[in-house]
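Colleague: I would like to learn how to read the empty spaces and contacts in a model. Can we work through one together?

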Amino acid sequence: MNKVTISAFVSGLIFSFGLLLSGMANPEKVLGFLDLFGAWDPSLALVMGGAIAVGLPAFLIAQKRTNAILGEPMHLPANRKLDKRLLLGSLAFGVGWGLAGFCPGPGIVASGALEPGALVFVLAMVSGMLVFRQLERRTR
Amino acid sequence: MNIDWNAFTPLTALAGGVLIGLASAWLILMNGRIAGISGILGGLLNNERGNRGWQLAFMLGLLAGPAIWALFHALPSIEINASYPVLIAAGLLVGIGTRYAAGCTSGHGVCGLSRLSPRSLAATLTFMFGGFATVYVVRHLLGA
């Protein structure tokens with residue numbers, strides 16, 4: 001195990017704790033946030049706010065560097081297109097998120113807690129990603 | 001709009017958000033990588049040479065979180081009320097959708113908004129709209 005691998009593990013672990021502590025890993029809490037026209041729980045807006053407050057200065061620094069601290073090149077997305085793929089993909093994702101209350105990170109964290117429903121969700125999500133991969137190969 | 005003050009947990013939400021921001025800041029500054037969970041998982045499924053190590057380690061960190069948390073403190077409740085068919089439909093939509101959009105709540109919502117990317121802002125507004133609209137239809141039109 002090298003430093004890059006250990007560092008990625010640490011990031012994943014802190015991310016996991018953040019999802020658990022914030023309530024994002026609890027689908028019922030997420031659905032309470034998405035239920036704007038019912039009894040609305042605004043908590044999760046603060047999750048995004050807290051995350052961006054820390055992320056903003058970090059990404060400002062990252063954008064000025066060519067290499068990360070451990071020496072790897074800085075990988076920042078170069079794609080700037082606002083196209084149909086982005087918007088329709090995001091819409092499909094949002095509908096799925098609203099159906100179950102799970103987005104990818106919380107689904108994985110809750111399956112780490114061995115919740116059967118989360119395991120079912122993650123298996124379906126992985127299948128969806130494999131379907132995408134097959135569709136992409138066919139168009140190439 | 002009717003705010004559910006009993007369910008409102010501003011302190012844990014904010015503190016959890018700060019941890020998520022720290023994890024994303026750590027990964028970009030130390031490793032030079034975006035902490036986008038759908039992207040990392042999609043990368044693993046594509047078996048990208050040279051990326052497997054860090055991608056797998058990040059995923060293991062996410063999965064190990066609850067077990068390590070439980071060593072020190074009771075796990076917070078995880079309430080899943082959706083049926084298996086709904087969870088399967090949701091998972092398929094999330095899997096395909098996030099790969100087409102090249103990102104989810106973490107990649108576009110946290111990392112993308114943190115670097116002020118207009119593309120990520122468009123993605124975030126779109127999936128938030130999808131989530132709000134779906135819950136509105138399911139809970140208030142269909143009454144499920």
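Colleague: In which helix does Phe9(A) lie?

Modeller: This is a predicted model. Phe9(A) belongs to helix 1 of chain A, which covers residues 3-22.

Colleague: Is Phe9(A) buried, partly exposed or exposed?

Modeller: The partly exposed class runs between 20% and 50% relative accessible area. Phe9(A) has 28% relative accessibility, so the residue counts as partly exposed.

Colleague: Which residues does Phe9(A) touch, leaving out those up to four places away in sequence?

Modeller: The contacts are Ala57(B), Phe58(B), Leu60(B), Gly61(B) and Ala64(B).

Colleague: How far is Phe9(A) from Gly89(A), in sequence and in space?

Modeller: The two are separated by 80 residues in sequence, and their C-alpha atoms are 28 Å apart.

Colleague: Now the empty spaces. How is such space found?

Modeller: A probe the size of a water molecule is rolled over the atoms, and this shows where space is left empty.

Colleague: How many cavities of 30 Å³ or more are there?

Modeller: The count is one cavity, with a volume of about 40 Å³. Its lining consists of Met129(A), Phe132(A), Arg133(A), Gly42(B), Leu45(B), Asn46(B) and Arg99(B). Helix 6 (116-139) of chain A and helix 2 (37-45) of chain B are the elements that each give two or more of these residues. Helix 6 of chain A has the largest share, three residues. By class, the lining has three nonpolar, two polar and two charged residues.

Colleague: What is the volume of the largest pocket, and how many residues line it?

Modeller: The volume is about 600 Å³, and 29 residues form the lining. Nearest the centre are Pro77(A), Ile34(B), Gly39(B), Ile40(B) and Ala102(B). The elements giving two or more lining residues are helix 2, helix 3 (52-72), helix 5 (105-114) and helix 6 (118-141), all of chain B. Of the lining residues, nine are nonpolar, 15 polar and five charged.

Colleague: Which residues lie closest to the centre of the second largest pocket?

Modeller: That pocket has a volume of about 250 Å³. Among its 21 lining residues, Met24(A), Val47(A), Met48(A), Thr105(B) and Val110(B) are closest to the centre. At least two lining residues each come from helix 1, helix 3 (43-64) and helix 5 (104-112) of chain A, and from helix 5 and helix 6 of chain B.

Colleague: Which element gives the most to that lining, and how does the lining divide by class?

Modeller: Helix 3 of chain A gives the most, with five residues. The lining has 17 nonpolar residues, four polar and no charged ones.

Note on methods
Residues numbered from 1 in each chain as written. Chains lettered and ligands numbered in written order. Predicted model: local features only at pLDDT ≥ 70, side-chain atom pairs only at ≥ 80, totals over all residues. Heavy atoms only, no water. 1 Å grid on protein atoms, 1.4 Å probe; cavity = no way out; pocket = protein on both sides within 12 Å on 5 of 7 lines; lining within 4 Å. Points joined across faces, edges and corners; volume = space filled by probe spheres on them. Helix = DSSP H or I, 4+ residues; strand = E, 2+ residues; numbered from the N terminus. Nonpolar A, V, L, I, M, F, W, Y, C, P; charged D, E, K, R; others polar. Buried < 20%, exposed > 50% of the residue type's maximum accessible area, 1.4 Å probe, protein only. Contact = heavy atoms within 4.5 Å.
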